[in-house]
Amino acid sequence: MQFHHHGYVSTDPRVRPAEGTGIDRPDDLPDEVDVLIVGSGPAGMLLAAQLSQYPSVTTRLVEKREGRLVIGQADGIQARSVETFQAFGFAERIIAEAYTISEMNFWTPDPADHARIIRTARADDDPHGISEFPHLIVNQARVLDYYAEVAAISPGRITPDYGWEFVGLTVGEAERPVTVQLRRADGEERTVRATYVVGCDGARSRVREAIGRKHIGGQSQHAWGVMDVLAVTDFPDIRTKCAIQSEAGSILHIPREGGYLFRMYVDLGEVPEGDHGAVRATPLETIIAKANDILGQYTLEVKDVAWWSVYEVGHRVTDKFDDVEVGGDAAPHVFICGDACHTHSAKAGQGMNVSMQDGFNLGWKLGSVLTGRAPEELLATYSAERQVIAQNLIDFDREWSGLMAKKPEEFSSPAELAEFYTRTAEFPAGFMTQYTPSIITGDDAHQRLAEGFPVGKRFKSAPVVRIADAVPAHLGHHAKADGRWRIYAFADTEATALGEWAQWLSEGADSPLRAHTPAGTDPDSVFDVKVVYQQDHSEVEIPTIPEVFLPRVGPFELIDYEKIYAARPEDDIFESRGLSRDGVVVVVRPDQYVAQVLPFSATAELAGFFAGNLLPA
């Protein structure tokens, strides 16, 4: 963490000074806002945390509940989400309170006695080492608390406006084209005019309905009971994630944070035609009895139930994620995120995670447009990018939930489910997303120079050493959710190409730093430029490092020494990420996805790339 560059700080450095709209923020909803977020779920709270980094943007979040969420239905946190938590500054704290999944065990009927179940497989949760972060289980309410804290202590000082229910909206032609009607429980009504509205209001989204978007898909005619319980049992893997299949049905068992609580998804079987939702009235006692039947020779004595529900598996994707018709050239002004866009089973642990990535994708784009950094065309990339991801999620979840619902005799072998879990581990961990070429993602013409950083996929962090103080660091962990683009230069200390490229970046007439960095701001206010040398840190002398990697920041123009790194001999990033020893430039978007891979000689291409997605300062 860096601070003191604006003067000595003796208080909590995470609490940054209020700026712009964060100064004397009014308690009451204003009549006009730049962004109105509807709903304080995972996507909405992440959006608020992201937009709080843009204090010149007036952002308000309305929520029909009267206060914070007490207990949430979602609890699975994939490693990609933990990477996102790191960008917002709370990964270490939430890891400390969460349950960490290290393996998944699989139970099937005993061939010698089908009334009993036996453990038939153990699978590592991350068999491919795709992230340095773990797979976590933690209550959704706590995730929202952390994002709410970030939003409240960041310069924009955003806090939810509780007790306001969304009624409807219309889109016109005014400077603030979206007119929103809100209502309190006591009947008070308000009209708010907004430049942009984001509906994060769940599967029954009224914002989605207001813009005429359709949730396409249906039910799978299979029901599950889910319960968070405190119980006494002789089942030996009660603190390990398990897929349990017996003659009586299936259970997906997930230990929860705190050491005692756990969740069970209990198979209630096929839903008959004409049920019309009657299965949702299944009593808790029936779910507990069914769980005991499935556990075979083991018993489950439930002592307390924190939460429970019954649901039918549904798979739906909204036809578009904004208010512009396909092929239309108008700029979107209303967006939807999270469950308003995609719904599916809970057993793959994807809902909250994908929702947060929706918010992360959209947040920096809204901030960039509203601060004049990027053209309005940038906003069209949100629906284009995220709808594809949502459909991929639905396809995966349909296969996974279908496997979980199969009877033991329907599998080709007892190991089939475990093999699928291991084979597809990268998808539920959140790392199969790969954005296609657009104004913010380039092509793979130079991919051979950085094979471990595929263009369009998330930037996979790696260990390095900070040159100034010899401190081991993870390169990607320094990238905060602050809306800046990252430009990484990987090179040899003796490479003349690096020096020439760095000089161009500092002084070139067409340099993106000169073209897009506003006058009077820090030189790294738009682009966070870093260098990683092949040599050991002890072989690199700071006076030889180009000045573009040692920017002067803050009112005192202090030198930032945390942009210069070296490879670790025992874990060489050039080897692990397939980086060219001749040098390579890797550009990373504000939401941590690789946007370009270029040689040092491709200065015109780098300048042209940013000219296509940023406005002149």
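The exercises below work through the cavities, two sheets, an annotated span and an aromatic pair of a predicted model.

**Exercise 1. Establish how many cavities of 30 Å³ or more the model holds, and describe what surrounds the largest cavity.**

Solution. Start with the count, which comes to two cavities of 30 Å³ or more. The largest cavity encloses about 160 Å³ of space, and its lining is made up of 17 residues. Those lying nearest its centre are Phe-459, Gly-476, His-477, Ala-479 and Gln-592. Next, ask which elements contribute: α2 (79-88) and β21 (485-491) are the elements that give two or more residues to this lining, and α2 gives the most, with four residues. Finally, sort the lining of the largest cavity by class, which yields seven nonpolar, five polar and five charged residues.

**Exercise 2. Describe the second largest cavity by its volume, its lining and the elements that supply that lining.**

Solution. The volume comes first, and for the second largest cavity it is about 30 Å³. The residues that line it are Phe-106, Trp-107, Thr-108, Ala-243, Gln-245, Pro-414, Leu-417 and Ala-418. Turning to elements, β5 (103-110), β13 (241-246) and α9 (416-423) each supply at least two of the lining residues, while the largest share, three residues, comes from β5. By class, six residues of this lining are nonpolar and two are polar, and none is charged.

**Exercise 3. Locate the span annotated as "Phenol hydroxylase-like C-terminal dimerisation" and give its helix and strand content.**

Solution. The UniProt annotation, from an unreviewed entry, assigns this domain to residues 433-615. In the model, the C-alpha atoms at the two ends of residues 433-615 are 27 Å apart, and the span is 16% helix and 21% strand.

**Exercise 4. Work out the strand order of the open sheet of seven strands, and then examine the pairing at its β27 edge.**

Solution. Reading across the sheet, the order is β20-β19-β25-β22-β21-β26-β27, and the pairing is mixed. The strands at the edges are β20 (471-474) and β27 (594-598), each of which pairs on one side only. From one strand to the next, the twist averages 30°. At the β27 edge, strand β26 (residues 584-588) runs antiparallel to β27 and is joined to it by four bridges. As one residue pair across these strands, Val-586 has Val-597 in β27 as its bridge partner.

**Exercise 5. Repeat the analysis for the open sheet of three strands, and identify the residue that stands opposite Ile-101.**

Solution. The order in this sheet is β3-β7-β4, with antiparallel pairing. Its edge strands are β3 (76-77) and β4 (99-101), and each of these pairs on one side only. For β4, the partner is strand β7 (residues 135-137), and the two pair in the antiparallel sense over three bridges. The residue sought is His-135, which stands opposite Ile-101 and lies in β7.

**Exercise 6. Give the number of aromatic pairs in the whole structure, then classify the pair of Phe-321 and Tyr-382 and explain what it ties together.**

Solution. A search of the whole structure finds 25 aromatic pairs. For Phe-321 and Tyr-382, the ring centres lie 6.3 Å apart, which is within the 6.5 Å limit for a pair. Their planes meet at 45°, and the pair is therefore tilted. To place the two rings, note that Phe-321 is in the loop between β16 (300-318) and β17 (334-336), whereas Tyr-382 is in helix α8 (residues 380-405), so the pair ties together parts that are 61 residues apart in sequence.

Conventions: Residues are numbered from 1 along each chain as its sequence is written. This is a predicted model: local features need pLDDT of at least 70, side-chain atom pairs count only at pLDDT 80 or more; totals for chains, interfaces and linings use all residues. Side-chain values use heavy atoms; hydrogens and water are left out. On a 1 Å grid over the protein atoms alone, a cavity is a set of points where a 1.4 Å probe fits but cannot get out, and a pocket is an open set with protein on both sides within 12 Å along at least five of seven lines; lining residues have an atom within 4 Å of a point. Grid points are joined across faces, edges and corners, and a volume is the space filled by probe spheres set on the points. Ala, Val, Leu, Ile, Met, Phe, Trp, Tyr, Cys and Pro count as nonpolar, Asp, Glu, Lys and Arg as charged, and the others, Gly among them, as polar. UniProt positions are given in the numbering used here, feature names are shortened, and annotations may be inferred rather than shown by experiment. Two strands pair if DSSP finds at least two bridges between them. Axes are lines fitted to C-alpha atoms, for helices over the stretch in contact, and angles run from 0 to 180 degrees between N-to-C directions. Rings of Phe, Tyr and Trp (its six-membered ring) pair if their centres lie within 6.5 Å; planes under 30 degrees apart count as stacked, over 60 as edge-to-face and the rest as tilted.
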